[in-house]
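This report describes a predicted protein model. It goes through ring pairs, salt bridges, an enclosed helix and a few single residues.

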Amino acid sequence: MGAQESTSHGAALSLCAWARDFSRQRFSDQVLRRAREIVLDTLGCAIAGGSDPTARKAIDIARRLGGNGECAVLGEKLRTSAPLAAFANGVLVRAIEFNDCYAGPGQIGHPSDNIPAALALAERFDRSGADLIRAIIAGYEVYGRMLDLSSPTGAYDHVSVSGPACAIEAALLMNMEPDRKSTR
């Protein structure tokens, strides 16, 4: 492992450890209530987006590709794989552009874009609603902090911070521990 890869690996492990500890804290009733509201808002956006032509195409793609039936596509009688459900549900959530927004000091973004992946993983790994909410809160925290550090004139935008935020949500919902050795 080279020096840069080792440093990146260490940073990733540190972020995972932070997210694990962060998600285990006791959140205030206000934070939990707001997280539940955001999930409901996201589900409402998905349902409202169900008639959008682009969303219909995404659902059709998920239907044609099939999958193993482990996860639901919102508002449909369709079950597919976790990745296909996350894809179709993600398009449903963004179809009408009414999902929540985070306005940082330099950029604006949509952290709820990551909720469809969290929903699919929570269903796939049979996680509780409380686990889902905790993972979403951690994902929002990572999203907001990273967006706050980015520059509106820089090379990265709000979509770039979705990768780490969604990865944190996934790691938490999959019960991954940061101290496990890589098996690659």
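Trp-18 and Phe-22 are four residues apart in helix 1 (residues 3-23), so about one helical turn separates them. Helices here are DSSP runs of H or I with at least four residues, strands are runs of E with at least two, and both are numbered from the N terminus. An α-helix has 3.6 residues a turn, so residues three or four places apart point the same way.

The model is predicted: local features need pLDDT of at least 70, side-chain atom pairs count only at pLDDT 80 or more, and totals for chains, interfaces and linings use all residues. Residues are numbered from 1 along each chain as its sequence is written, and side-chain values use heavy atoms, with hydrogens and water left out.

**Aromatic rings**

The whole structure contains two aromatic pairs. The ring centres of Trp-18 and Phe-22 are 4.8 Å apart and their planes lie at 20°, so this pair is stacked. Rings of Phe, Tyr and Trp (its six-membered ring) pair if their centres lie within 6.5 Å; planes under 30 degrees apart count as stacked, over 60 as edge-to-face and the rest as tilted. Together with Phe-27, Trp-18 and Phe-22 form a cluster linked by ring pairs. Phe-22 is buried at 13% relative accessibility, whereas Trp-18 is partly exposed at 26%. Buried means under 20% relative accessible area, exposed over 50%, and partly exposed in between (1.4 Å probe, protein chains only).

**Salt bridges**

How many salt bridges does the structure hold? There are eleven, each being a side-chain nitrogen of Lys or Arg within 4 Å of a carboxyl oxygen of Asp or Glu. The table gives three of the salt bridges.

| Positive partner | Negative partner | N to O distance |
|---|---|---|
| Arg-20 | Asp-21 | 3.3 Å |
| Arg-64 | Asp-60 | 3.2 Å |
| Arg-127 | Asp-131 | 3.1 Å |

Salt bridges with shared partners also join Arg-56, Arg-63 and Glu-76 into one network. Arg-20 is buried, with a relative accessible area of 16%, while Asp-21 is partly exposed at 45%. Arg-64 and Asp-60 are both in helix 3, four residues apart, or about one turn of the helix. Arg-64 is exposed at 61% relative accessibility, and Asp-60 is partly exposed at 34%. Arg-127 is partly exposed at 21%, as is Asp-131 at 26%.

**An enclosed helix**

Why is helix 5 (residues 115-124) described as largely enclosed by the rest of the structure? Eight of its ten residues are buried; among them are Ile-115, Pro-116 and Leu-119. The buried residues of helix 5 pack against helix 2 (29-48), strand 1 (71-72), helix 4 (82-94), helix 6 (129-149) and helix 7 (158-173). Just after helix 5, Asp-126 has a positive phi of about 55°.

**Single residues**

Glu-169 is part of helix 7. This residue is buried but has no salt bridge, and Arg-127, the nearest side chain of opposite charge, is 13 Å away. (Lys and Arg count as positive, Asp and Glu as negative; His and the chain ends are not counted.) Setting aside neighbours within four places in sequence, Glu-169 has contacts (heavy atoms within 4.5 Å) that include Asn-114, Ala-118 and Tyr-140.

Ala-155 sits in the loop between helix 6 and helix 7 and is exposed, at 75% relative accessibility.
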